[in-house]
Amino acid sequence: MNILISNDDGVSAQGILAAKQAVEDLANVTVVAPDKNNSSVGRRITLFKHLKLDSCKLEDGSQAYSVSGSPADAVIVGADYVMDTKPDLVIAGINQGVNISCDITSSGTVCAALEAVSLGIPAIAASLFIDPKTSYRQDENGEWYLEYDFDLAKKVLHDLVLKIINEGFPEGVDLFNLNVPTNYESEEVKITHLSHRMLDKEVIDNTHEEKGELFNYPLEENQKGDDLVMITSNLVQEYDENSDGYALFVEKRPSLTPLNANMTSRDLKNW
């Protein structure tokens with residue numbers, strides 16, 4: 001089996017190395033990813049513009065390729081140009097952050113997997129939910145940092161790919177959306193459906209008292225301070241029992257959601 005691995009966090013992110021390590025004993029692995037973080041860009045594609053393709057090294061010294069474009073760009077370039085033959089499977093991730101609910105269409109990780117499906121390649125989007133209550137550590141100088149524990153995510157991803165090698169994808173499933181929590185209480189994977197949404201969004205300006213610190217982030221280059229607003233978000237707190245959010249946040253176990261790229265709703269008999 002030939003596997004293409006990409007992501008939206010960038011080729012130097014820890015999660016892409018974790019994904020490679022999870023499956024490199026099962027297949028020939030090629031890594032092609034954006035040259036920098038491209039979170040929340042959805043399925044943006046760069047058409048008729050030059051993209052820079054560079055060879056680089058992952059932390060373990062293995063070869064990878066960076067693309068000066070989006071996650072979807074990286075999948076197209078990897079599958080159609082870098083690799084000698086079309087991959088049998090694309091893995092997007094392991095994303096350093098959660099990707100659940102109908103909000104996944106904004107996720108660069110999930111949309112990289114969707115781009116693979118559009119090329120006729122089955123895919124897995126894999127994400128790590130990092131619980132801030134248990135994942136922050138202090139160094140010897142008292143500085144806080146975020147520790148990424150990919151062990152369970154690597155194990156689940158490995159087992160999922162092994163099952164796909166042995167049995168193929170289930171009929172009607174184009175891609176799997178996998179989310180694994182760092183604060184898990186059970187390693188048992190739950191088959192779930194998408195929650196209604198993941199984020200509660202709110203628009204603020206410089207008069208907002210509770211989120212004033214957020215609004216005071218440094219301005220981008222050539223950006224003026226007048227008439228600015230900011231979209232902020234918080235995780236939804238309530239999920240129905242068989243949803244991905246319930247598995248992650250309530251049962252604290254891995255969630256695996258089977259998806260089909262054709263979003264057509266066909267049941268209109270009573271409309």
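## Lys252 and Ser40: positive phi

At 25% relative accessibility, Lys252 counts as partly exposed, because that class lies between the cut-offs of under 20% for buried and over 50% for exposed. This is a predicted model, so keep that in mind as you look around. Lys252 sits in the loop that runs between helix H7 (244-250) and strand E13 (255-259). Its phi is positive, at about 55°, although Lys252 is not a glycine.

Ser40 is another non-glycine residue with a positive phi, in this case near 60°. You will find Ser40 in the loop between E2 and E3. With a relative accessible area of 60%, Ser40 is exposed.

## A nonpolar surface patch

The loop between strand E2 (28-34) and strand E3 (53-57) also holds Leu47. Leu47 is exposed, its relative accessible area being 58%. Together with Ile45 and Phe48, Leu47 makes up a nonpolar patch on the surface, and the accessible area of the three comes to about 400 Å².

## Helix H2 and its cover

Now for a helix with plenty of cover. Helix H2 (residues 71-82) is largely enclosed by the rest of the structure, because nine of its twelve residues are buried. Those buried residues are Pro71, Ala72, Asp73, Ala74, Val75, Val77, Gly78, Ala79 and Val82.

Which elements cover them? They include the strands E1 (2-6), E2, E3, E4 (63-67) and E5 (89-96), along with helix H3 (108-118).

## A cis peptide bond in E5

Strand E5 has a backbone detail of its own to look at. Ile94 lies in this strand, and a cis peptide bond joins Gly93 to Ile94, with omega at about 5°.

How values were computed: Residues numbered from 1 in each chain as written. Predicted model: local features only at pLDDT ≥ 70, side-chain atom pairs only at ≥ 80, totals over all residues. Heavy atoms only, no water. Patch = residues over 30% accessible without salt bridge, like charges linked within 9 Å, V, L, I, M, F, W, Y side chains within 5 Å. Areas by Shrake-Rupley, 256 points an atom, 1.4 Å probe, with all protein chains shown as cover. Salt bridge = Lys/Arg side-chain N within 4 Å of Asp/Glu carboxyl O. Helix = DSSP H or I, 4+ residues; strand = E, 2+ residues; numbered from the N terminus. Buried < 20%, exposed > 50% of the residue type's maximum accessible area, 1.4 Å probe, protein only. Contact = heavy atoms within 4.5 Å.
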